[in-house]
Amino acid sequence: MKRLLWIGSLSYFLIGLAHVVVGSLLPVLLEHYGRSYTDGGSLIFAQFSGFLAGVLLSPWLARNFGKRRSLVFALLLLCAAEVLYSILPPWGWLYVVGAVAGFGFGMVETVIGTIVIGGITQGTGAAMSRLEVFFGIGALAMPAIASQFIALGWWRLAFPIISLFAAVATIAWLRGSFGTLDALLDEQEHRSDNHNSTNSLNSPMEKASKSSPIGNWKLLALFIVFFFIYVGTEMSLANFLPSMFIERLGLTQAEAALSVTCFWLAMAFGRLFTGYIADRYGYGVFVALSSLAAALLLCVFPLIQGTAGAFVLIVLLGLGMSGIFSIALVFASKMMPGTEESTTSLLIGAGGVGGALLPLWLGNSMDRGGAVASAWLLAGFACILCLLGGILYARYVRKKRLQAVSS
C-alpha cells in the first residue's frame, strides 16, 4: 500500500505541474505567437474540455481496459502532448495539443482517486489528503520553474519537464514488481465483476441503487452542486486574489501575487493534517465544519481594510479549505458505497465545470462592480457551499440512524 501511495503521489505531483503550466507561460506564449488574451482563454478552455472528457470517460476505459492500462495510456498522452507543446507548432494545433494534455491529466487524476478511495478502506481521508499535498506542491512549483526559464530565455523547456515526470510515472506503473498494487487492482476488478454479475440477477431498480450513483440521484445531485461551487470558488480565489488586493489595498503586482502564494502554501500545509482529522472525527463533520469556516472567512473578507489582516485571513482561508475537495470525495464514496468509479469521475467533472464557469462570472463582476462586489459574490458562493455541507451532513446522520434502527 505504501508503494501505491508513493506512485500516486508522484502522479498527482505531475498533474499539479500540468494543470498550471500553460497559465504560467501564457504571457510569453501569447507574445511568441502574437496572440491576444482572448486566444489564450480559448487555449485554456480547450485544455479544460479535454480534462472534462478524460474525467468522464475514465470509468468506461478503466472497466474495459483495466486501471493500469488506462493510466499508462493517459500518461503517454500527457507525455506526448507536452513534447508537442515544446516544439511550438502552429497556433491552431495548440488547441488540439491542449485538449490531449487535459484528457491525459484529467484521466490520471480520476483513475488514481478511484483506486485509492476503493482500495484503502482504513485512513482513506489521510491517503487522499496526501495525494492533494503533492498536487499542491506541483501547482506551486511550476510557476517558480517557469519564471526561472523565462528569465533565462528557455521558457519552452518547462514543457519537457512535465514529459520527463510523465515518463517516470509511466515506468513506475509498468514495473512488474508492484505485487501489492497488482493484488489491489485485481481485487477491485474482481469486486466490480461480482457487482455486475450480482446486479444482473436483481431488478433494474436494485441495480441502479447498488452499482451506480443514479439510484441515489438526490444525494448525487447535492454532491455535484457542492463540487461545482467549491472548485469554482477555489479557482476564482486563485485567479482574482491579486487583482482584488491591488484594487482594495493599493499593492503592487509583485506584492499582490504573494496573496496566491500564501493561499496555496496554506492549502498544501493544511492537507498534511486534514486527512487524519477527518478519519478521526468523521468525513461528514469535517466537510460541514470546513464549509462553515470558509463561509465565515469569506464573509469577513470584504470588510478587511489592512494589508496584514488581509494576508492573515487568506492564510486562514487556505487552511480552512485545504481538505474540502479530497475529504468530500471520500465522504461521497462512503455515502454511496460500490459506486466509487462513476461517482469520483462525476464529482471531479462537476468541479472542473465549476472551475471553468464561476471564474468567468467573477471576472465579469470585477469589470462591472469592482473588488468589493466580487468579494461579496465569493461570500455568496461560500454560503451556498456551507448550506450544502450542512444538508449533506444531516443526510449522513439520518442514514446512520436508519441503519442503527434496522440493525
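Let's start where two helices meet: Leu219, Phe223, Phe226, Phe227, Tyr230 and Val231 in H9 are in contact with Ile324, Phe325, Ala328, Leu329, Phe331, Ala332 and Met335 in H13. Keep in mind that this is a predicted model. How do the axes of H9 and H13 cross? They come within 11 Å and cross at roughly 175°. Angles over 145 degrees count as roughly antiparallel, so H9 and H13 are roughly antiparallel to each other.

Now zoom in on one pair from that meeting point. A pair of aromatic rings is described by the distance of the centres and the angle of the planes. For Phe227 and Phe325, the ring centres are 5.5 Å apart and the planes sit at 75°. Planes over 60 degrees apart count as edge-to-face, so that is the label this pair gets. Phe227 belongs to helix H9 (residues 217-249) and Phe325 to helix H13 (residues 324-335), so the pair ties together parts that are 98 residues apart in sequence.

Are these two rings' residues buried or exposed? The cut-off for buried is under 20% relative accessible area. Phe227 has a relative accessible area of 1%, so Phe227 is buried. Phe325 comes in at 10% relative accessibility and therefore counts as buried too.

There's plenty more aromatic contact to look at: searching the whole structure turns up 18 aromatic pairs. Phe223 and Phe331, which you've already met among the residues between H9 and H13, join Tyr393 and Tyr396 in one aromatic cluster. Elsewhere, a ring has a charge for company: the charged end of Arg130 sits over the ring of Trp6, 4.2 Å from its centre.

Next, a backbone detail. Leu88 has a phi near 55°, which is a positive value in a residue other than glycine. Where is Leu88? Look in the loop between helix H3 (67-86) and helix H4 (91-119). With a relative accessible area of 13%, Leu88 is under the 20% cut-off and therefore buried.

Finally, how far should you trust what you see? The protein chain averages a pLDDT of 84, and 89% of the residues score at least 70. Confidence is highest in helix H11 (residues 283-300), at a mean of 95, and lowest in helix H8 (residues 204-211), at 42. Over residues 195-211 the pLDDT is below 50, and this stretch has 16 contacts in the model beyond near neighbours in sequence. Where pLDDT is low, the predicted coordinates should not be read in detail.

Key:
Residues are numbered from 1 along each chain as its sequence is written. This is a predicted model: local features need pLDDT of at least 70, side-chain atom pairs count only at pLDDT 80 or more; totals for chains, interfaces and linings use all residues. Side-chain values use heavy atoms; hydrogens and water are left out. pLDDT is the predictor's confidence in each residue, from 0 to 100. Helices (H or I, at least four residues) and strands (E, at least two) are DSSP runs, numbered from the N terminus. Contact means heavy atoms within 4.5 Å. Rings of Phe, Tyr and Trp (its six-membered ring) pair if their centres lie within 6.5 Å; planes under 30 degrees apart count as stacked, over 60 as edge-to-face and the rest as tilted. Buried means under 20% relative accessible area, exposed over 50%, partly exposed in between (1.4 Å probe, protein chains only). A charge sits over a ring if NZ of Lys or CZ of Arg is within 6 Å of the ring centre and within 35 degrees of the ring normal. Axes are lines fitted to C-alpha atoms, for helices over the stretch in contact, and angles run from 0 to 180 degrees between N-to-C directions. Angles under 35 degrees count as roughly parallel, over 145 as roughly antiparallel, 65 to 115 as roughly perpendicular and the rest as oblique.
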